[in-house]
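Here are my notes on this one, written as numbered points. Keep the viewer open while you read and click along as you go.

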Amino acid sequence: MTAPTEESQPPAVPYGTPDAPRIAVRGEAHLEVDPEIARIGVTVTARGRDRRSALDDLTRRNTTALDLVKSYGDAVERVETGAFTVTPELTKHGRGERVRTYHGIVHLTAELTDFTALGELTSRLADLDLTRVDGPWWALRPDSPAHREARRQAVHEAVQRAREYAEALGTTLSALVELADIGAEGPHPYPTAAGGRMRSVAYSAAAEDAATAPLDLEPQRQHVHAQVNARFTMVPPRL
């Protein structure tokens with residue numbers, strides 16, 4: 001029988017010793033906080049008998065939507081243009097490739113920090129010709145203090161849990177051996193749950209001269225989760 005090679009041997013597991021017994025614990029934290037940003041998606045469409053008219057209408061409507069979003073100033077932190085397409089639609093009957101009409105689409109994304117302005121902006125966007133609004137999707141910033149606080153609480157819980165185990169043995173902790181961050185998770189920027197977004201709104205024509213009432217949007221609370229694994233040595237207990 002050949003001796004196992006160094007590569008085939010399993011990794012060493014850090015066990016304690018009678019002189020330095022170890023305690024391994026996990027600390028967790030769950031926070032529920034208010035969102036910091038909200039994102040909405042805007043889809044502008046146009047249709048024309050020829051490519052030029054469809055493109056001209058799409059350009060005009062896209063400019064109108066962008067100007068409206070940018071008119072909210074600092075309330076809008078970011079606005080971006082996504083996919084843009086102009087697609088010919090062929091006739092269903094007859095021979096040959098005869099174009100019936102052209103469809104144009106532009107996708108926009110806006111990110112807001114002022115949730116009071118959010119309801120008014122979504123209503124006004126939905127009131128534009130051939131414009132669809134999706135969202136909002138609520139989220140925290142990647143560097144949100146909520147993530148830091150969740151990690152701090154997880155570490156605190158790990159230390160407290162280890163102390164309780166040591167106290168149950170009539171002893172105390174002596175040193176921290178290892179602290180492993182196994183992830184702090186925030187919500188997805190685009191939640192899949194139905195409660196995370198409002199219903200899509202689309203209008204084929206603008207409303208009459210009456211002003212559009214702003215939507216009353218309630219921010220969705222965000223769940224932040226953090227976990228750590230910790231190993232401590234403790235003063236040898238008298239058993």
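**Notes on the model**

1. Start with aspartate 34, which counts as exposed at 51% relative accessibility. For the labels here, buried means under 20% relative accessible area, exposed means over 50%, and partly exposed is in between, using a 1.4 Å probe and protein chains only. Before going on, note that this is a predicted model, where local features need pLDDT of at least 70, side-chain atom pairs count only at pLDDT 80 or more, and totals for chains, interfaces and linings use all residues. Residues are numbered from 1 along each chain as its sequence is written, and side-chain values use heavy atoms, with hydrogens and water left out.

2. Who does aspartate 34 pair with? Its salt-bridge partner is arginine 221, with the closest N and O atoms 2.6 Å apart. A salt bridge here is a side-chain nitrogen of Lys or Arg within 4 Å of a carboxyl oxygen of Asp or Glu. The pair links distant parts of the chain: aspartate 34 is in the loop between strand 1 and strand 2, arginine 221 is in the loop between strand 7 and strand 8, and they are 187 residues apart. Helices (H or I, at least four residues) and strands (E, at least two) are DSSP runs, numbered from the N terminus.

3. Arginine 221 also forms a salt bridge with glutamate 32, with 3.4 Å between the closest N and O atoms. Glutamate 32 sits in strand 1 (residues 22-33) and arginine 221 in the loop between strand 7 (198-203) and strand 8 (222-234), so this pair ties together parts that are 189 residues apart in sequence. Both are partly exposed: glutamate 32 at 44% relative accessibility, and arginine 221 with a relative accessible area of 36%.

4. For a pair within one element, go to helix 1, which holds both aspartate 57 and arginine 60, 3 residues apart, or about one turn of the helix. Their side chains meet in a salt bridge (3.4 Å, N to O). Aspartate 57 is partly exposed at 23%, and arginine 60 is partly exposed at 43%. Back at the earlier pairs, salt bridges that share partners join Glu32, Asp34 and Arg221 into one network. The count of salt bridges comes to 11.

5. Now zoom out. The chain has 3 helices and 8 strands, and from the N terminus on they run β-β-α-β-β-α-β-α-β-β-β. Buried residues make up 32% of the 239 residues. Take contacts (heavy atoms within 4.5 Å): among those between residues at least 6 apart in sequence, 84% join residues at least 24 apart.

6. What is inside? The largest nonpolar core has 26 residues, and those with the most contacts inside it are Ile40, Tyr72, Leu112, Leu118, Leu121 and Leu125. The elements giving two or more residues to this core are strand 2 (37-48), helix 1 (51-70), strand 4 (99-112), helix 2 (115-126) and strand 5 (131-139). Apart from this core lies another, of 17 residues, among them Val25, Ala29, Ala226 and Met234. A nonpolar core is a set of buried Ala, Val, Leu, Ile, Met, Phe, Trp, Tyr and Cys residues joined through side-chain atoms within 4.5 Å.

7. Leucine 125 is worth a click. Not counting residues up to four places away in sequence, leucine 125 touches Ile40, Val42, Ala65, Leu68, Val69, Thr131 and Val133. Other buried residues of helix 2 include Ala117, Gly119 and Ser123. At the start of this helix, a side-chain oxygen of aspartate 114 reaches to within 3.0 Å of the backbone nitrogen of threonine 116.

8. Glycine 119 has a partner from far along the chain: aspartate 216 is 97 residues apart from glycine 119 in sequence but 5.9 Å apart in space, C-alpha to C-alpha. Aspartate 216 lies in the loop between strand 7 and strand 8 and is exposed, with a relative accessible area of 67%.

9. Last, two backbone oddities. Most residues other than glycine have a negative phi, and most peptide bonds are trans. Leucine 130, in the loop between helix 2 and strand 5, has a positive phi near 45°. Leucine 130 counts as partly exposed at 29%. A cis peptide bond joins glycine 135 and proline 136, with omega about -5°, and proline 136 is in strand 5.

Notes
A polar contact is a pair of N or O atoms within 3.5 Å; within protein, one must be able to donate a hydrogen and the other to accept it, and residues adjacent in sequence count only if both atoms are side-chain atoms.
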